[in-house]
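This report goes through a protein structure part by part. Keep the sequence and the 3D view at hand while reading.

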Amino acid sequence: MDLDGVVWLGHQPVPGSADALADRVALGERVVFCTNNSSERGVDKAATLVDHGLAPGVEVVTSADAVARLVDPSWRVLCLGGIGLREVLAEVAAEVVDASDGPGSVGVDAVVVGLAREVDYARIDHAARAVRDGAVFLASNDDATFPADDGLHPGCGAIVAAVRTAAGVDPVVAGKPHRPMADLLRERLPGGGVVVGDRPDTDGRLAAALGWPFVLVLSGVTRPDDLPVDVPTACVAPDLATAVAALDDWLPRGS
Ligand SMILES: [Mg+2]
């Protein structure tokens, strides 16, 4: 289950989504929220979900979790990202230095880029320099934009593109629809599942990578004028509350 554009838009709940999901959870179904947003902490997202009326214990997987799986425990990592990414990296890497620390960028084993609202020229410079010097280049995701209640904002992919252009190196991307996130979800849900999301390019391609059905909702980035989309869809619905009724047709048996 995607979050931005499905459960909420910025800070505004999508009407009916939380109630529809709470009903499914009450039936004993497992819902794993999967978001490319790495700038906030997963626990904060879970708390927000509880504020929206979803039960405590909801599972949230972010692109920070997916990119952290690519980091070796012995590595010194330069992070250009938000608190959510920095905290997850600190749990898996030997040392995490912030991209704002110029001298700290010398001798790092990897550069990890996520959505960083405080991004500036110096941070891009330090990250690109480290990549040019041979550090592994990892990106939490490459989304061009993300939706908020006032429209689209530049996404992590816009910052990744700046570092990539300056360094002349392509990153390994971890989040939806790329393989590290697909591998993480396959481990979490070995019985299979259904992907619900608002973006064909991330959620739809993730579903294709997993071999699971894709339910497209039109409450986020994709508008009715954008149909048909260029990935297979099991169902297209105006919002999650409408789509959730159709999930019975697509959930794997026994899940
Ligand atoms: Mg979304």
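Which residues coordinate the magnesium ion?

## The metal site

The model is predicted. In it, the magnesium ion is coordinated by three residues, named here with their donor atoms: Asp 2 (OD), Asp 4 (O) and Asp 198 (OD). The donors lie at 2.0 to 2.2 Å from the ion. Along the chain, the donors follow the spacing D-x1-D-x193-D.

Buried here means under 20% relative accessible area. Asp 2 has 6% relative accessibility and so counts as buried. Asp 4, at 15% relative accessibility, therefore counts as buried too.

## The cavity

One cavity of 30 Å³ or more is found. The volume of the largest cavity is about 180 Å³. Its lining consists of 19 residues, and the closest to its centre are Asp 4, Asn 36, Asn 37, Asp 143 and Phe 146. Asp 4 is also one of the residues that coordinate the magnesium ion.

Strand S9 and helix H8 (200-210) each supply at least two residues of this lining. S9 gives the most, with three residues. Sorted by class, the lining of the largest cavity has four nonpolar, eight polar and seven charged residues.

## Two pockets

The largest pocket has a volume of about 400 Å³. It is lined by 24 residues, and Arg 30, Val 31, Leu 189, Gly 193 and Val 194 are the closest to its centre. Four elements each supply at least two lining residues: helix H1 (17-26), strand S3 (32-35), helix H7 (179-188) and strand S12 (195-197). The lining of this pocket divides into 16 nonpolar, four polar and four charged residues.

The second largest pocket holds about 320 Å³ of space. Of its 16 lining residues, Asp 4, Trp 8, Gly 10, His 11 and Glu 40 lie nearest the centre. Helix H2 (42-51) and strand S9 (145-148) each give at least two residues to this lining. Its classes are four nonpolar, six polar and six charged residues.

## A sheet of three strands

Which order do the strands take in the open sheet of three? The order is S12-S13-S14, and the pairing is parallel. S12 and strand S14 (235-237) are the edge strands, as each pairs on one side only. On average, neighbouring strands of this sheet are turned by 15 degrees against each other, direction ignored.

S12 and strand S13 (residues 214-217) are joined by three bridges. One pair can be picked out in the view: Val 195 has Phe 214 in S13 as its bridge partner. S12 also appears among the elements that line the largest pocket.

## Strand S7 and its neighbours

Are the faces of strand S7 covered or uncovered? Both faces of S7 (residues 110-113) are covered. Ala 110 and Val 112 are buried on one side, and Val 111 and Val 113 are buried on the other.

S7 pairs with strand S5 (residues 76-80) through four bridges, and the two run parallel. S7 also pairs with strand S8 (residues 136-139) in the parallel sense, again over four bridges. Val 112 of S7 can be used to trace both pairings: Cys 79 stands opposite Val 112, and Val 112 stands opposite Leu 138 in S8. In general, strands of a sheet pair through backbone hydrogen bonds, either parallel or antiparallel.

Conventions
Residues numbered from 1 in each chain as written. Predicted model: local features only at pLDDT ≥ 70, side-chain atom pairs only at ≥ 80, totals over all residues. Heavy atoms only, no water. 1 Å grid on protein atoms, 1.4 Å probe; cavity = no way out; pocket = protein on both sides within 12 Å on 5 of 7 lines; lining within 4 Å. Points joined across faces, edges and corners; volume = space filled by probe spheres on them. Nonpolar A, V, L, I, M, F, W, Y, C, P; charged D, E, K, R; others polar. Donors = N, O, S within 2.8 Å, 3.2 Å for Na, K, Ca; no water. Buried < 20%, exposed > 50% of the residue type's maximum accessible area, 1.4 Å probe, protein only. Pairing = 2+ DSSP bridges. Axes fitted to C-alpha atoms, helices over the stretch in contact; angles between N-to-C directions.
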